[in-house]
Amino acid sequence: MKKPYLSVSLDTKHIVDNRNTKSHGKTSILGDEAIAQAAIDAGLSGVYAYPGTPSTEITEYIQNSPIAKERNIHSRWSANEKTAMEAALGMSYAGKRSLCCMKHVGLNVAADCFMNAAMSGINGGMIILTADDPSMHSSQNEQDNRMFGNFAMLPMLEPSSQQEAYDMVYSGFELSERLGYPILMRVTTRMAHSRAGVETKPMVEQNTMHCPEDGKQRYILLPALARQRFKKLIAAQENFEAVSESSPYNVYYDAPDHSLGIITTGIAFNYLSENYPDGFKHPVLKITQYPLPMSKLEKLVEECDEILVLEEGYPVVEQQLKGFLSKGLKVHGRLDGTLQRDGELTPDSVGKALGISITEYYAKPEVVEQRPPALCQGCGHRDMFQALNEVLAEHYPSAKVFGDIGCYTLGALPPFRAIDSCIDMGASITMAKGAADAGVYPALSVIGDSTFTHSGMTGLLDCVNEQTPITIVISDNETTAMTGGQDSAGTGRLEAICAGIGVDPAHIRVMVPLKKNYEEMKAIIREEIEYKGVSVLIPRRECIQTLTRKKKASKK
Ligand SMILES: Cc1ncc(C[n+]2csc(CCOP(=O)(O)OP(=O)(O)O)c2C)c(N)n1
Ligand code: SF4
């Protein structure tokens, strides 16, 4: 008989996980997967997320986990990061443990909920996972969301290894419940996407549903109640600091040479350790839990002549140490040029900052060339851009095309050079509106289907309300392609959504972006540009990558 995945032992809160015919143990996984596995093991009831590199694999792991399925853990993608965080807060309100994941810029979208969840606090444990992308491997900026954690005054975790990522999430829900607040956990690209051996722990049962008894005091942020909650949040800081001070994650390592003291945050500890395989030369304070452990920091500052701060992202700790007027303390890091001001740290850049000579083992072979990214051959976005470019070149040379974020952003590059902007998700429609208001004609927007439902729909409503003369192209490949082909929230319903928002159905035009249809497409594009109101063009053809994957899967 097939072994069941789970068996519940009645005398403890633990559930034995029989996935690998053992209850738990060591397994080699990505940082993102360690986070997902830890959440499942810690009694997660729901993950809420919108895809975004480097966070996507967390939710995908839970979606593909037979145990998560068996335990009925919610894992469907949300429409955007704000809806995801609000749903996670709702699940926590009902007493269950929830995880909310996003890439760093997703926290900008969810910021309204984030800041206010810090006021209400939580009921079931809640972890908000931000995956930051220093060096912008696949992002439009490299913001460091520890600043957001400080802004919201919430406790934060920033693992230095995959094992720590696992342990922090496993115990993080309980910590969140103990403190009464959501925990912000920050990882960066290398942590999310590199693999290591991780020791897993026994599986815990999910919380039973229990709504908060004091819910009406906590969750209704009317001014009189919100003022009380803010005082509570301020008062809670002392407790957050005490917990951080005694955290097993913030560790002081003494070493013989006190001419320098080193502070590491998050993954920088890993990079430092690689440079000292035989033990540290200088005292090191490893910080992976915030608020900052002040007495440990003071000890390091008092015992060492100078301080070097190694942190991935902004100089958050370095700036705090320097303050505005602390002339006495010699602090080195990203602000004084000891390390580069932007981009990722590496073991080598850390070694250089310490004056350690670096041996280059693997020089880049000459045959390896930097290649700009490009739309796949056969992609429907190509045909859409080709037809659009021809119309604009022939009839509207002063047209401005406001772009958005997705595979189609690559239409900015040769050979198309088809878009004039790409700022944030949804901005194509609203920027085109503002430009049209200023007199730009024709003002066009090019947006993907997933980006449209993420944050384009409200901008469309603004256009409809003012009958803005604007032509919006929703380039519909029926998936969220850029992040790997996740479901897109509006698939099959885009025309209905646009009509529901108030676009005249006569000006919602669907087309199939193929070479053989160019003349028909061009005629429609021209007609709708000539229309002095809101028109929506929907070139629709499935992404060839998802199509190929489906075909392969159906042959198996
Ligand atoms: C606020 C925010 N969340 C997530 C992302 C990651 N991201 C980039 S493009 C994209 C979606 C693209 O899907 P779609 O608009 O359908 O275009 P496609 O890639 O399919 O052409 C996502 C999720 C981001 N850049 N910003
Ligand atoms: S992944 Fe899909 S949408 Fe993206 S460029 Fe390739 S075919 Fe086009």
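## A tour from the ligand 1 pocket outward

Select ligand 1 to begin: ligand 1 sits in the largest pocket. Two elements each give two or more residues to the shell around this ligand, helix H5 (106–109) and helix H18 (449–466). Highlight H18 next, as this helix supplies the largest share of that shell, three residues. Keep in mind throughout that the model is predicted.

Now show the residues around ligand 1. There are 25 of them, and the closest are Glu81, His381, Thr451, Asn477 and Ala481. Colour the shell by class to see ten nonpolar, twelve polar and three charged residues.

Which atoms of ligand 1 have polar partners? Three pairs are worth labelling, one involving a nitrogen atom of the ligand and two involving an oxygen atom.

- Gln140: a polar side-chain atom of this residue lies 3.5 Å from a nitrogen atom of ligand 1.
- Cys407: here the partner is a polar backbone atom, 2.9 Å from an oxygen atom of ligand 1.
- Tyr408: a polar side-chain atom is 3.5 Å from an oxygen atom of ligand 1.

Switch to a surface view. On its own, ligand 1 has 590 Å² of accessible area, and the protein covers 97% of that.

Move to ligand 2. The residues to select around this ligand are Leu375, Cys376, Cys379, His381, Cys407, Asn477, Ala481, Cys543, Ile544 and Gln545. Keep His381, Asn477 and Ala481 labelled, since they are listed here and also among the closest residues to ligand 1. Cys407, already labelled for its backbone contact with ligand 1, is in the ligand 2 list too. By class, the ligand 2 shell holds seven nonpolar and three polar residues, with no charged ones.

Leave the ligands and turn to the backbone. Select Pro414 and Pro415, which are joined by a cis peptide bond with omega about 10°. Pro415 is in the loop between strand S17 (400–402) and helix H17 (427–437). Follow the chain to the loop between H17 and strand S18 (443–448), where Pro442 lies. The peptide bond from Tyr441 to Pro442 is also cis, with omega near -10°.

Next, go to Met153, in the loop between helix H7 (146–152) and strand S7 (156–157). Its phi is near 60°, a positive value in a residue other than glycine.

Finally, zoom out to the whole chain, which has 21 helices and 21 strands. The radius of gyration is 26 Å, close to the 24 Å that the globule rule gives for 556 residues, so the chain is as compact as a globular protein of that length. Along the principal axes, the C-alpha atoms fill a box of roughly 75 × 60 × 60 Å.

Technical notes: Residues are numbered from 1 along each chain as its sequence is written. Chains are lettered from A and ligands numbered from 1 in the order in which they are written. This is a predicted model: local features need pLDDT of at least 70, side-chain atom pairs count only at pLDDT 80 or more; totals for chains, interfaces and linings use all residues. Side-chain values use heavy atoms; hydrogens and water are left out. A residue is near a molecule or strand if one of its heavy atoms lies within 4 Å of it. Ala, Val, Leu, Ile, Met, Phe, Trp, Tyr, Cys and Pro count as nonpolar, Asp, Glu, Lys and Arg as charged, and the others, Gly among them, as polar. A polar contact is a pair of N or O atoms within 3.5 Å; within protein, one must be able to donate a hydrogen and the other to accept it, and residues adjacent in sequence count only if both atoms are side-chain atoms. Accessible areas come from the Shrake-Rupley method with a 1.4 Å probe; for residues, only the protein chains shown count as cover. On a 1 Å grid over the protein atoms alone, a cavity is a set of points where a 1.4 Å probe fits but cannot get out, and a pocket is an open set with protein on both sides within 12 Å along at least five of seven lines; lining residues have an atom within 4 Å of a point. A molecule sits in a cavity or pocket if more than half of its atoms lie within 2 Å of its grid points. Helices (H or I, at least four residues) and strands (E, at least two) are DSSP runs, numbered from the N terminus. The radius of gyration is taken over C-alpha atoms; the globule rule is 2.2 Å times the number of residues to the power 0.38.
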